[in-house]
Amino acid sequence: MFFRRAREDRAFREAQRAGYELSRQLQATQPWPDFPEQTAPAPAAEEAVAADFLPPELRVPSRQEVAGLMMRWLPPLIIEDEVRTCPGCGAYRDWIVFCMRDDSIWLRCRSGHETKEPGLDAAWYNRNSGPVDRFHPTLEEGLRHLGH
């Protein structure tokens, strides 16, 4: 019984190989009139990147083109089972969390005190932040947009 199955498997594989080889020979010799080869024109200097890419006015800045990202964090911020408080004023909620270009995380309380947070990283920020809804030219405009 075992040898019969191995023989059937071997015959099946040989039939597959023969069919594959036959289809390769057919494709190599068959002219395809429905799909004539087209010569693409040389791209212009402005289109050298990609012809189907968005024009510059519709592109979203990349992460390296902005100074950082920010989000509002209303509840108390708990890091390693400890509620984080502002070293300047003792506030423990209503933070603005910044994720800078170098992936460092900074916290800003409502009073304007800023402190670097080594217990958080860019992965935490990406897990907890929503999609970017606006880009602001200045920090003040971003803070005003978030209600600070």
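The legends below describe close-up views of a predicted model.

**Figure 1. Overall fold of the predicted protein model.** The protein contains 3 helices and 6 strands. Read from the N terminus, the order of the elements is α-β-β-β-β-β-β-α-α. Of the 148 residues in the protein, 19% are buried.

**Figure 2. The aromatic pair of W73 and W124.** The structure has 1 aromatic pair. Its members are W73 and W124, whose rings lie 5.3 Å apart from centre to centre, with 50 degrees between the planes; the arrangement is tilted. W73 belongs to strand β1 (residues 68–73) and W124 to helix α2 (residues 122–128), so the pair connects distant parts of the chain, 51 residues apart. The relative accessible area of W73 is 17%, and W73 is therefore buried, the cut-off for buried being under 20%. W124 is also classed as buried, because its relative accessibility is 13%.

**Figure 3. Salt bridges of R84 with E82 and E117.** The structure holds 6 salt bridges, and two views of R84 are given here. In one of them R84 pairs with E82, and the closest N and O atoms are 3.3 Å apart. E82 has a relative accessible area of 45% and is partly exposed. In the other, the side chain of R84 meets that of E117, with an N to O distance of 2.7 Å. E117 is found in the loop between β6 (114–116) and α2, and R84 in the loop between β3 (82–83) and β4 (95–100); the E117 and R84 pair therefore ties together parts that are 33 residues apart in sequence. E117 is buried, its relative accessible area being 5%.

**Figure 4. The salt bridge between D94 and R110.** The side chains of D94 and R110 form a salt bridge with an N to O distance of 2.9 Å. This pair links distant parts of the chain, 16 residues apart: D94 sits in the loop between β3 and β4, and R110 in the loop between β5 (105–108) and β6. D94 has 13% relative accessibility and counts as buried, whereas R110, at 44% relative accessibility, counts as partly exposed. Both residues take part in a network of salt bridges that also includes R72.

**Figure 5. The positive surface patch that includes R4.** Five arginines are shown: R4, R7, R10, R13 and R17 together form a positive patch on the surface. One of them, R4, is located in helix α1 (residues 2–29).

**Figure 6. The nonpolar surface patch of F53, L54 and L58.** F53, L54 and L58 make up a nonpolar patch on the surface, and their accessible area together is about 310 Å². L58 is placed in the loop between α1 and β1. With a relative accessibility of 54%, L58 counts as exposed, since the cut-off for exposed is over 50%.

Notes. Residues are numbered from 1 along each chain as its sequence is written. This is a predicted model: local features need pLDDT of at least 70, side-chain atom pairs count only at pLDDT 80 or more; totals for chains, interfaces and linings use all residues. Side-chain values use heavy atoms; hydrogens and water are left out. Rings of Phe, Tyr and Trp (its six-membered ring) pair if their centres lie within 6.5 Å; planes under 30 degrees apart count as stacked, over 60 as edge-to-face and the rest as tilted. Helices (H or I, at least four residues) and strands (E, at least two) are DSSP runs, numbered from the N terminus. Buried means under 20% relative accessible area, exposed over 50%, partly exposed in between (1.4 Å probe, protein chains only). Patches are made of residues with over 30% relative accessible area and no salt bridge: like charges are joined within 9 Å, nonpolar side chains (Val, Leu, Ile, Met, Phe, Trp, Tyr) within 5 Å. Accessible areas come from the Shrake-Rupley method with a 1.4 Å probe; for residues, only the protein chains shown count as cover. A salt bridge is a side-chain nitrogen of Lys or Arg within 4 Å of a carboxyl oxygen of Asp or Glu. Lys and Arg count as positive and Asp and Glu as negative; His and the chain ends are not counted. The place of a charge is taken as NZ of Lys, CZ of Arg, CG of Asp or CD of Glu.
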